[in-house]
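Here is a briefing on one protein chain. Look over the sequence and the structure, then use the points below as a guide.

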Amino acid sequence: MQMILKNLKKYTWALLLMLVCLVGAYYAYGYYQQQNKPKPVGRQIKAEKGSIVSIVSATGTISPVDNINVSSKITGLITEVKVIENQQVSANDILVVLDDSKYRAQLAQAGARLANAEANFVRASKMNQAGGYSHQQLDAAKMDYAVAKASYDDASSNLQDTVIRAPIAGMVIGKPIPAGQTVSPGISNPMVLLTIADMAKMQIEALVDESDIGKIKLNQKVSFTVDAYPEKNFSGKVVIISNKANVQQNVVYYAVMIDVDSPEGLLKPTMTARVSLLIGERNNVIVVPTLAIRDNRGQRFVQVLRKGQSEPEAVKITTGMSSEDRIEVTSGLSEGDTVVLPQSGAGAGRIPGGGATGTNMFRQTPAR
């Protein structure tokens, strides 16, 4: 017995050293396995239920629906301007007065000719009834009267046009042309004396990309912002969808006219509007980030990491409504599924049947 104890004491340190080596080897092997265990590529998120709003974004310019450049119908010297910039005017208010001396003289001459032609016509009518004038002479006198009457009416109209009135109610936009200048009507490019706009009725002309124009409908709701009030949302609705294309840098756009609600009078002409046209809204649906989706030959996939698996699987899905950064999944995913997002610049992996878009391979499973 003493011999056995003596031998055990002799080999105690050797046994302890062997035990330490075994424990160390066990933990080293576990660490090696952990370090060499395949890891899924990209960040993991959970498929969750939520709301999604689909919009089409566009940029447009705000302008009054009724915006009129006031010009003169006749040539004349401006003697008086009765309005100033930003003044509110009513329809038929006097805006500008022209020198009327020439047109008063023309009206007096036309009036004298008219009186003479009228007297001749009355005399010819009596003579014709008495047999002293032929019907031809009567017709000539009648024609002279008609011509004189037209000349008088034209001269009278010209005199009235020396007083220029507001065609609509609204605000004077910009500084009116000053007194002392001579204006002329022009044909292709008339001189603008001032501009009147009805600021209560504003409109946006937004350019929508051809890929989105099919989603736009009449009376569709619109929200928009302007740089002057970045925290405030304004509203409106689509009233016109133009069929005329507008090509800019080889991109085709179509103009969409939007009536705007602005009861506070905050909006001003030529402001830039950043428009969001509401396409649709879905609530309590499964949504994932748009960048998680991969396409291949008309089919869509996401990477899903199942419990107990070390590599993600390519799961075929069908999608519905989308927003700028999220998309609705109508089949293929369940709430709580772990979806693996691609690493930045690495892609989502290899799509089944397609080329490699990343560094790892992952298995395909059918949609559930």
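Met171 stands opposite Ala197 in strand E10. That pair belongs to strands E8 (residues 170-173) and E10 (residues 192-197), which run antiparallel and share three bridges. The model is predicted.

**The four-stranded sheet**

- E8 and E10 sit within an open sheet of four strands. The order is E3-E10-E8-E5, and the pairing is antiparallel.
- Strands E3 (67-71) and E5 (88-89) stand at the edges. Each has a single partner strand, so one side of each has no neighbour in the sheet.
- In a regular strand, side chains alternate between the two faces of the sheet.

**Strands around E17**

- Which strands pair with E17 (residues 299-304)? E16 (residues 294-296) pairs with E17 in the antiparallel sense, over three bridges. E18 (residues 313-322) also pairs antiparallel with E17, over five bridges. E20 (residues 338-340) pairs antiparallel with E17 over two bridges.
- E16 and E17 make a hairpin with two residues between them. Arg297 lies in the turn and has a positive phi of about 55°.
- Asn296 stands opposite Gln299 in E17.
- Val304 faces two partners. Opposite Val304 in E18 is Glu313. Opposite Val304 in E20 is Val339.
- Glu313 also takes part in a network of salt bridges with Arg306 and Asp337.

**Helix H2**

- H2 covers residues 101-130, which makes 30 residues. From first C-alpha to last, H2 reaches 44 Å. That is close to the 44 Å expected at 1.5 Å a residue.
- Which residues of H2 are buried? They are Tyr103, Leu107, Ala110, Leu114, Ala117, Ala124 and Asn128.
- What do the buried residues of H2 pack against? Their partner is helix H3 (135-160).
- Just after H2 comes Gly131, with a positive phi of about 90°.

**Salt bridges**

- How many salt bridges does the structure hold? There are nine. Side chains of opposite charge can pair when their charged atoms come close.
- Glu80 bridges to Lys82, with the closest N and O atoms 2.8 Å apart. Glu80 has 36% relative accessibility, so Glu80 counts as partly exposed. Lys82 counts as partly exposed too, at 39%.
- Asp153 forms a salt bridge with Lys149, and the closest N and O atoms are 3.1 Å apart. Both residues lie in helix H3. They are four residues apart, about one turn of the helix.
- Is Asp153 buried, partly exposed or exposed? Asp153 counts as partly exposed because its relative accessibility is 36%. Lys149 is partly exposed because its relative accessible area is 33%.
- Lys215 and Asp212 meet through their side chains in a salt bridge, at 3.3 Å from N to O. Lys215 has a relative accessible area of 41%, so Lys215 is partly exposed.

**Val53 and a nonpolar surface patch**

- Val53 is found in strand E2 (residues 48-64). Ile55 is found in E2 as well.
- Which residues form a nonpolar patch on the surface with Val53? Ile55 and Leu278 do. Together the three have about 190 Å² of accessible area.
- Val53 is partly exposed because its relative accessible area is 33%. Ile55 has 32% relative accessibility, so Ile55 counts as partly exposed.
- Patch membership requires over 30% relative accessible area. Val53 passes that mark at 33%. Ile55 passes at 32%.
- Which residues does Val53 touch, leaving aside those up to four places away in sequence? The contacts are Leu278, Gly280, Glu281, Ser322 and Ser323. One of these, Leu278, is also in the patch.
- Ser322 falls at the end of E18, which spans residues 313-322.
- Val53 and Ile279 are 226 residues apart along the chain. Their C-alpha atoms are separated by 7.7 Å.

How values were computed:
Residues are numbered from 1 along each chain as its sequence is written. This is a predicted model: local features need pLDDT of at least 70, side-chain atom pairs count only at pLDDT 80 or more; totals for chains, interfaces and linings use all residues. Side-chain values use heavy atoms; hydrogens and water are left out. Buried means under 20% relative accessible area, exposed over 50%, partly exposed in between (1.4 Å probe, protein chains only). Contact means heavy atoms within 4.5 Å. Patches are made of residues with over 30% relative accessible area and no salt bridge: like charges are joined within 9 Å, nonpolar side chains (Val, Leu, Ile, Met, Phe, Trp, Tyr) within 5 Å. Accessible areas come from the Shrake-Rupley method with a 1.4 Å probe; for residues, only the protein chains shown count as cover. A salt bridge is a side-chain nitrogen of Lys or Arg within 4 Å of a carboxyl oxygen of Asp or Glu. The expected span of a helix is 1.5 Å times one less than its number of residues. Two strands pair if DSSP finds at least two bridges between them.
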